[in-house]
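Thanks for coming. I will take one structure today and go through a few of its features.

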Amino acid sequence: MRLLHIVGARPNFMKAAPVWLAVAEAGGFDQELVHTGQHYDVNMSDIFFAELGLPAPHYYLGVGSGTHAQQTAAVMVAFEQTLAEARPDLVLVYGDVNSTVAAALVCARLLLPVAHVEAGLRSGDRTMPEEINRLLTDQIADLLFTPSADGDVNLLREGVAPEKIIRVGNVMIDSLVRLLPLARRSGVLDRLGLAPRRYAALTLHRPSNVDDPARLCALLETLGDLSARLPIVFPVHPRTRKRIEDLGLNATGDIRLTEPLGYLEFLHLMSEARLVLTDSGGIQEETSYLGIPCLTLRANTERPITVDHGTNTLVGLEVERLADLFNAILDGTYLWDRRPAGGIPLWDGQAARRIVAALEQLNGGMLHSIHTTSKEVAR
Ligand code: UD1
């Protein structure tokens, strides 16, 4: 079986790497990698390939930044040409970025089987581009690899056939489990002059937080005040840096801005933080695995399991609540740890191996039936 993996943006890389490595380890498959180029800066892309053990992409589409329509369309046009050359039997798409849905749409039109890794997550918030990407990708994918039981429930509710859904666990945690020992030797704490548990780590990049000037100002002001109690280290996403510069904002208090960090340095920073503040999806999962309190600067999450059975708390949009929760965690008056004994089921470093086991079964004949079904539907 010829597999083609599609990645494009930073959160794809740590999801695809374990699957790539597990496929290589299993043998019996050909595989190639496509990078759409949605993210292209060295510290948003290349560094992750090197640290995660991904090979240089076999196809680089170079789509770059743009509006949603420009970016999605550019991936679709370029990926259609790639498929003509690569001729895969199955395409693997990851997560919920624009590159994910664009690639899945092209495959659907060509009746080429698609597997979606990290299927079934829902925030219920259709103002987020990722929610639309998730909904559409899951409707057209032939195989849906879910990270947790809530993903299965969401898919079944949307009418997805049960035989397409395979719960494998969380591939992002596979990367974390494999690389945490190496990350702990990254030296980032020394480099930034930090002591374990004596700082908070912050990330912000969602349009809902950084594209609205009033919201971004209010957040930075509150965080500036809070940093008087605990310094806040802030690796700044390029989107956010641009907004801060355009608005002429200055971080106040003890907020320490850095360039975006690589995978190993950021994992190290997170693992030694007193608490983490973020609007990222993946960081909610990583902190829940690591046992670090996480305050999510959003009104909803597509990863409710991190709230119910992890260390995550949704702050909502009120900065007063952010301050209350931040202080309560430092004062030890807030119960943030809701992890079950043994951790969240199937978040164990073995999710990619379960994906490969499922693909091996397909290799034994089911692929033919996916093809046949697609063609019958088309007729
Ligand atoms: C994208 C994903 C988001 C994910 C995030 C992680 C979508 C809809 N969004 O958001 O789900 O959480 O990646 O980072 O796919 N830029 C650079 N260099 C880069 C990449 C981006 O300077 O290497 C700047 C450009 O100004 C660009 C902006 O960041 O316009 C936004 O990039 P884009 O890929 O559109 O969205 P993200 O905000 O990164």
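**Cavity and sheet**

I start with the lining of the largest cavity, which consists of Lys-15, Val-117, Glu-118, Phe-145, Pro-147, Val-168, Gly-169, Asn-170, Val-171, Met-172 and Glu-285. Please keep in mind that this is a predicted model. By residue type, that lining splits into 6 nonpolar, 2 polar and 3 charged. As for volume, the largest cavity comes to about 60 Å³. How many cavities of 30 Å³ or more does the structure hold? The count is 1.

Now the sheet. It is open, it has 7 strands, and the pairing is parallel. Reading across, the order is β3-β2-β1-β4-β5-β6-β7. Why is one side of β3 and of β7 left without a neighbour in the sheet? Strands β3, residues 59-60, and β7, residues 165-167, stand at the edges and each has a single partner strand, so there is nothing in the sheet on the other side.

One pairing in detail. Strand β1, residues 2-7, runs parallel to strand β2, residues 30-35, and 6 bridges join the two. Within that pair, Leu-3 is opposite Gln-31 of β2.

Next, two helices that pack on the sheet. Helix α4, residues 98-109, touches β1, β4 (90-94) and β5 (114-117). The direction of α4 makes about 160 degrees with that of β4. Helix α6, residues 149-157, also packs on the sheet, where its contacts are with β6 (143-146) and β7. Between the directions of α6 and β7 the angle is about 170 degrees.

That is what I have; questions are welcome.

Key:
Residues are numbered from 1 along each chain as its sequence is written. This is a predicted model: local features need pLDDT of at least 70, side-chain atom pairs count only at pLDDT 80 or more; totals for chains, interfaces and linings use all residues. Side-chain values use heavy atoms; hydrogens and water are left out. Two strands pair if DSSP finds at least two bridges between them. Helices (H or I, at least four residues) and strands (E, at least two) are DSSP runs, numbered from the N terminus. Contact means heavy atoms within 4.5 Å. Axes are lines fitted to C-alpha atoms, for helices over the stretch in contact, and angles run from 0 to 180 degrees between N-to-C directions. On a 1 Å grid over the protein atoms alone, a cavity is a set of points where a 1.4 Å probe fits but cannot get out, and a pocket is an open set with protein on both sides within 12 Å along at least five of seven lines; lining residues have an atom within 4 Å of a point. Grid points are joined across faces, edges and corners, and a volume is the space filled by probe spheres set on the points. Ala, Val, Leu, Ile, Met, Phe, Trp, Tyr, Cys and Pro count as nonpolar, Asp, Glu, Lys and Arg as charged, and the others, Gly among them, as polar.
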